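Me: Could you zoom in on the salt bridges here and walk me through them slowly? I'd like to know where the partners sit and how buried or exposed they are, and then what surrounds them.

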Amino acid sequence: MKILVCISKVPDTTSKINFVDNNTKFDENGVQYIVNPYDEWYALVRALELVEASGGTVTTITVGTSSDDPTIRKALAIGANDAVRIDADPTDSFFVAKQISEYAKNENYDIVMTGKETINYNGAQIGGMLAELLDMPFVSLANKLEVNGAKATLERDVQGGIEVVEVDFPFVLSASKGMAEQRIPNMRGIMAARTKPLNVIAPTDHKKLTSVVKFELPAPKTGCKYLDPDSMDELVELLHNETKVI
Amino acid sequence: MSVLVFVEIKNKLSKAAKEAITYGKNLGEVNVVTYGNASNEVLSQMGDYGAKNIFVYRKINEPNDQVVSKLILKAVEKLNSEFILLSQDQTGKSIGPRVAAKLEAGHISGAISLPEASDDFTVKTNVYSGKAIAYVCVHSDKKVISILPNSIQPEENKVDVSISEFEEDLGNGRIKTVDLKPLGDGIPLPEAELVVSAGRGLKGPENWGIVEDLAKSLGATTACSRPVADIGWRPHHEHVGQTGVAIRPNLYIAAGISGAIQHLAGVNGSKVIVVINTDPEAPFFKAADYGVVGDAFEVLPKLTAAINNFKASQR
Ligand SMILES: Cc1cc2nc3c(=O)[nH]c(=O)nc-3n(C[C@H](O)[C@H](O)[C@H](O)COP(=O)(O)OP(=O)(O)OC[C@H]3O[C@@H](n4cnc5c(N)ncnc54)[C@H](O)[C@@H]3O)c2cc1C
């Protein structure tokens with residue numbers, strides 16, 4: 001089985017989010033980057049489990065600059081065989097999906113995986129776009145994946161229930177919680193990652209269809225009103241009359 | 001300007017559908033495309049929100065990604081739609097990007113506002129898991145916008161509707177649904193207006209009765225913090241936060257949750273937050289509108305009783 005896992009770097013989940021240059025740029029000062037948790041914990045780890053069980057390779061792919069290399073090495077340390085980086089700034093989803101599809105279209109992957117979304121842009125767009133560009137089915141938000149011969153069985157949360165689906169290869173999936181458990185790379189993995197191939201390739205020329213004009217922080221809460229545990233009637237009255245949510 | 005809204009309708013008009021049609025009405029004349037076997041009577045209710053022409057594809061009952069994308073693309077071609085609107089729910093997340101990629105149209109996923117009043121087409125979305133807002137500008141002529149649930153207030157705007165069936169056969173997609181395990185008939189978390197959530201402070205799964213009682217008295221959906229789902233006290237789909245479900249209900253009640261930054265990220269879009277915690281220093285109080293310093297085992301039943309009294313007095 002040949003699996004491609006799309007990974008991207010995101011600020012560590014404890015990062016304070018601030019902006020510079022008139023609120024047009026993310027303030028990277030003091031920010032640590034990690035592999036997007038959905039890409040790493042769920043997609044990458046499940047891909048590794050599948051090839052460990054029945055053979056094959058796991059390649060990671062990233063559209064990004066050399067500043068992505070440390071997080072790509074982390075994915076290699078966890079166990080991916082090799083990595084591809086398309087050397088461009090990933091500022092628009094269509095642009096990113098197009099770059100990856102141009103690379104993937106001749107490589108005959110059985111499964112192309114993404115995380116369900118990144119925790120910085122939360123777009124949840126790349127998987128679906130890739131599926132369309134590669135003319136494959138897209139199993140979105142999958143939380144379980146089993147392979148049996150020429151078919152895969154997946155589960156995903158849908159409105160009101162859990163849907164079990166079957167699909168033959170190749171296909172694209174986006175991974176959500178439940179698909180696998182986080183793996184901590186060991187020393188051997190970290191050493192091996194240093195010499196695993198990280199192929200940097202040039203982007204193909206494609207337009208960008210969206211751009212972020214500016215960022216804003218949500219209005220802070222104005223302060224908490226404290227109530228005594230014995231004043232729950234008063235709380236209910238405030239929820240009804242003051243904030244009108246019940 | 002021609003607007004195409006994709007909606008899913010089971011046996012009644014969903015809130016998501018009303019939100020998307022209302023959004024569309026603000027951009028131009030609204031055409032709707034949908035699938036399934038909802039009656040014409042239910043379909044025509046979309047006219048109350050301003051939908052003029054409704055096209056329904058009756059050959060499928062499940063939202064297969066390839067078939068539904070094809071359906072939307074056919075409708076876009078036929079109607080020469082400039083705006084394609086969906087809801088940012090499970091289906092929207094699998095269809096929106098497909099349609100956008102095919103059309104080479106800029107895609108805004110998770111819009112929380114109508115376009116800004118400016119020359120270029122700019123819409124707000126949540127980024128950094130709700131820790132910030134981005135103003136995203138679309139440069140292409142066609143635009144695919146999926147709307148975050150609970151972001152747009154549905155508005156009635158009655159027009160005469162016409163319903164027609166989409167006759168062409170769009171074939172099958174490769175994904176086959178083999179089973180659908182229902183999770184009860186509660187309102188799913190991303191759409192819920194009222195949410196009652198609890199964390200490790202509840203000490204064990206056997207204590208969730210008081211959380212469920214409060215949820216039941218309010219008609220709320222239940223949620224939990226990540227460790228609670230990870231240790232198996234509650235199902236994964238209840239996990240809210242940066243690495244779980246992001247929610248934006250009108251009311252979020254959190255008991256025995258400390259308010260870690262990753263938890264807050266997924267819930268701080270809630271209009272009103274009530275925090276119940278024994279520790280007056282719990283960080284969650286900084287993000288709360290109302291706080292109760294106290295033991296959840298004592299406060300939750302009292303709050304449930306107060307809600308029940310209030311409901312009885314409303315009758
Ligand atoms: C990469 C990453 C991603 C993460 N993503 C998420 C996420 O998506 N969602 C999430 O929730 N967490 C997430 N976390 C975990 C997060 O950092 C916290 O560990 C977690 O939210 C804590 O859960 P908790 O509040 O239930 O438990 P605790 O932090 O243990 O807090 C329990 C609280 O209960 C209070 N308490 C105890 N007894 C009582 C009582 N009887 N009555 C009332 N209050 C009581 C305590 O004072 C305390 O404040 C993530 C962490 C990482 C590193």
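Reply: Let's start with A:Glu49, which comes out as partly exposed at 26% relative accessibility. Keep in mind that this is a predicted model. The partner of A:Glu49 is A:Arg46, and their closest N and O atoms are 2.6 Å apart. Both residues belong to helix α1 of chain A (residues 37-54), where they sit three residues apart, about one turn of the helix. A:Arg46 counts as buried, because its relative accessibility is 11% and the cut-off for buried is under 20%. In this pair, then, a buried Arg meets a partly exposed Glu.

Now over to chain B, for a pair that reaches across the sequence. B:Lys15 and B:Glu193 meet through their side chains, 3.1 Å from N to O. B:Lys15 is in helix α1 of chain B (residues 15-25), whereas B:Glu193 is in the loop between β10 (176-182) and β11 (194-198), so this salt bridge ties together parts that are 178 residues apart in sequence. Both ends are partly exposed: B:Lys15 has 30% relative accessibility, and B:Glu193 has 33%.

Chain B has another such link, between B:Glu165 and B:Arg58, with N and O 3.0 Å apart. Here the strand β9 (residues 162-165) supplies B:Glu165 and the loop between β3 (51-57) and α3 (65-79) supplies B:Arg58, so the parts being tied together are 107 residues apart in sequence. B:Glu165 is partly exposed at 43%, and B:Arg58 is partly exposed too, at 28%.

Back to where we began: A:Arg46 and A:Glu49 aren't on their own, as salt bridges with shared partners join them and A:Glu146 into one network. Over all chains, the structure holds 33 salt bridges.

How many salt bridges does the rule find across the interface of chain A and chain B? There are seven. B:Asp289 takes part in a salt bridge with A:Lys221, with 2.8 Å between the closest N and O atoms. On the side of chain A that touches chain B, 21 residues are charged, 18 are polar and 44 are nonpolar. If you count polar contacts across this interface, you get 44 residue pairs, both partners at pLDDT 80 or more.

As for the interface as a whole, 83 residues of chain A are in contact with 88 of chain B. The buried area is about 7200 Å², and carbon and sulfur atoms give 58% of it. A:Lys221 turns up again here: together with A:Glu132 and A:Lys177 it supplies 10% of the area that chain A buries against chain B, more than any other three residues.

The chains also pair up through strands. Strand β14 of chain A (residues 210-216) runs antiparallel to strand β7 of chain B (residues 132-138), and six bridges join them. Within that pairing, A:Val212 is opposite B:Val136.

For a contrast with those partly exposed ends, try B:Thr34 in strand β2 of chain B (residues 29-35). Its relative accessible area is 0%, which means it counts as buried. Leaving out residues up to four places away in sequence, the residues that B:Thr34 touches include B:Val7, B:Ile9, B:Leu43, B:Phe55 and B:Leu71.

Terms used:
Residues numbered from 1 in each chain as written. Chains lettered and ligands numbered in written order. Predicted model: local features only at pLDDT ≥ 70, side-chain atom pairs only at ≥ 80, totals over all residues. Heavy atoms only, no water. Contact = heavy atoms within 4.5 Å. Buried area = accessible area lost by both parts, 1.4 Å probe. Salt bridge = Lys/Arg side-chain N within 4 Å of Asp/Glu carboxyl O. Polar contact = N/O pair within 3.5 Å; in protein donor to acceptor, adjacent residues only side chain to side chain. Nonpolar A, V, L, I, M, F, W, Y, C, P; charged D, E, K, R; others polar. Pairing = 2+ DSSP bridges. Helix = DSSP H or I, 4+ residues; strand = E, 2+ residues; numbered from the N terminus. Buried < 20%, exposed > 50% of the residue type's maximum accessible area, 1.4 Å probe, protein only.
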